[in-house]
Amino acid sequence: MGQYESPESAYLAFLNTFNARDLDGWAGVNSYPHARVSAAPQGSSVHWRPPTRVFANAEEYVAAPIWDELEATGWVHSVSTPPQVVQASDVKAHIAGGWTRYDADESAMASNRVVYVATKSEDGWGLQGQLKLDSFVEGQDYSDEERAGMAAVEGVMTALAAGDVETWLTTFHYPLTMLAGPGEVQMVDDAEMMRGQYGPWCAEGLPISHETVIVQAGKHGANVAQTLTRGDASVQQLFLVGERDGVWKPVAVSVVV
């Protein structure tokens with residue numbers, strides 16, 4: 001689906017249709033399969049759903065609308081943060097954004113920060129994924145969490161540069177969600193699956209250099225953007241780093257193609 005003229009217009013339509021309780025329109029903002037990945041651990045008090053969900057189609061996405069649950073908390077509407085495109089190609093963009101929920105008195109109830117993965121099909125732009133902190137509070141200092149997110153990505157890079165497959169496999173939390181080109185969403189269930197699909201690629205041990213920056217951070221996670229040069233190839237990619245039992249590792253990776 002996804003029929004918007006730009007990544008930003010798809011991003012803004014996501015909450016506009018949500019605030020309108022427009023179920024079909026809300027599902028139509030997405031491209032499918034559609035991934036929603038949370039940095040917060042399973043059972044965390046900051047959210048009540050599985051950390052990773054992949055919806056094959058719009059029918060799956062609308063099967064469990066959440067308006068009744070939200071309205072029961074006093075929610076009336078949400079407001080988007082201004083979209084910021086942090087990485088992009090002609091067919092894919094990473095948009096740093098988020099939202100704040102408000103009640104009938106226009107009091108802020110909760111906020112979140114999310115990187116929305118937008119992709120372009122022949123019909124237009126839609127949202128292929130949401131990489132969510134689910135642990136963000138406005139005004140909090142997340143310097144320690146930013147450092148933890150950066151260190152987790154640096155660990156991935158160190159093992160990759162060495163061609164150390166065994167260590168590299170341990171630098172991720174599983175299941176790991178991977179987003180590539182339009183329509184390409186892959187779930188890597190465990191280290192053995194990762195080894196079978198990407199172990200030979202890591203083992204090449206090519207020289208690398210990278211520029212890595214924090215995009216967003218919260219109590220349980222960080223979105224970390226990177227430009228990586230490996231051998232003769234350069235890519236832009238973004239890691240959602242999540243905290244699980246005190247350990248920070250990527251739970252999702254999205255590569256701009």
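Buried residues have under 20% relative accessible area, exposed ones over 50%, and partly exposed ones fall in between. Please keep in mind that everything shown in these close-ups comes from a predicted model.

**Figure 1. A salt-bridge network takes in R195 of helix 7.**
Let us start with R195, whose relative accessibility of 27% lies between the 20% and 50% limits, so R195 counts as partly exposed. The side chain of R195 meets that of E192 in a salt bridge, with 2.8 Å from N to O. The two residues are separated by about one helical turn because they stand 3 residues apart in helix 7. E192 has a relative accessibility of 52%, and therefore counts as exposed. E166 belongs to the picture too: salt bridges with shared partners join E166, E192 and R195 into one network.

**Figure 2. D144 and R147 form a salt bridge within helix 5.**
Here the closest N and O atoms of D144 and R147 are 2.3 Å apart. Both residues belong to helix 5, where 3 residues, or about one turn of the helix, set them apart. Are these two partners buried or exposed? Both D144 and R147 are exposed. For the wider picture, the count for the model comes to 7 salt bridges.

**Figure 3. R53 is buried without a salt bridge, while D134 pairs with K132.**
R53 sits in strand 2, which covers residues 52-55. Which side chain of opposite charge is nearest to R53? That side chain belongs to D134, and it is 7.2 Å away. A salt bridge needs a nitrogen within 4 Å of a carboxyl oxygen, so at 7.2 Å R53 and D134 do not form one. Beyond its neighbours within four places in sequence, R53 is in contact with H34, A35 and R36. D134, for its part, has a salt bridge with K132, in which the closest N and O atoms are 3.7 Å apart. D134 has a relative accessible area of 11%, so it counts as buried. K132 is likewise given a relative accessible area of 11% and is buried.

**Figure 4. Two prolines follow cis peptide bonds.**
Most peptide bonds are trans. The bond that joins Y32 and P33 is cis, with omega at about 0 degrees. P33 is part of strand 1, which spans residues 30-38. A cis peptide bond also joins Y174 and P175, again with omega at about 0 degrees. Where does P175 lie? P175 is found in the loop between helix 6 (165-169) and strand 8.

**Figure 5. R21 and D245 have positive phi values without being glycines.**
Most residues other than glycine have a negative phi. R21 has a phi near 55 degrees and lies in the loop between helix 1 (7-19) and helix 2 (23-28). With a relative accessible area of 33%, R21 is partly exposed. The phi of D245 is about 55 degrees, and D245 belongs to the loop that links strand 12 and strand 13. D245 has a relative accessibility of 78% and therefore counts as exposed.

**Figure 6. Strand 8 and strand 9 make an antiparallel hairpin.**
Strand 8 (residues 176-179) and strand 9 (residues 185-188) are joined by 4 bridges. T177 has M187 of strand 9 as its bridge partner. The hairpin has 5 residues between the strands, and there G183 takes a positive phi near 80 degrees.

**Figure 7. The second largest pocket has a volume of about 520 Å³.**
Among the 26 residues that line this pocket, those closest to its centre are M178, Y198, W201, Q237 and V255. Which elements give two or more residues to the lining? They are helix 5, strand 8, strand 9, helix 7, strand 11 (221-230), strand 12 (233-244) and strand 13 (247-256). Strand 12 gives the largest share of the lining, 5 residues. Friends from earlier views return here: the hairpin strands of Figure 6, strand 8 and strand 9, are among the contributing elements, as is helix 7, the home of R195 and E192 in Figure 1.

Methods: Residues numbered from 1 in each chain as written. Predicted model: local features only at pLDDT ≥ 70, side-chain atom pairs only at ≥ 80, totals over all residues. Heavy atoms only, no water. Buried < 20%, exposed > 50% of the residue type's maximum accessible area, 1.4 Å probe, protein only. Lys, Arg positive; Asp, Glu negative; His and termini not counted. Contact = heavy atoms within 4.5 Å. Pairing = 2+ DSSP bridges. 1 Å grid on protein atoms, 1.4 Å probe; cavity = no way out; pocket = protein on both sides within 12 Å on 5 of 7 lines; lining within 4 Å. Points joined across faces, edges and corners; volume = space filled by probe spheres on them.
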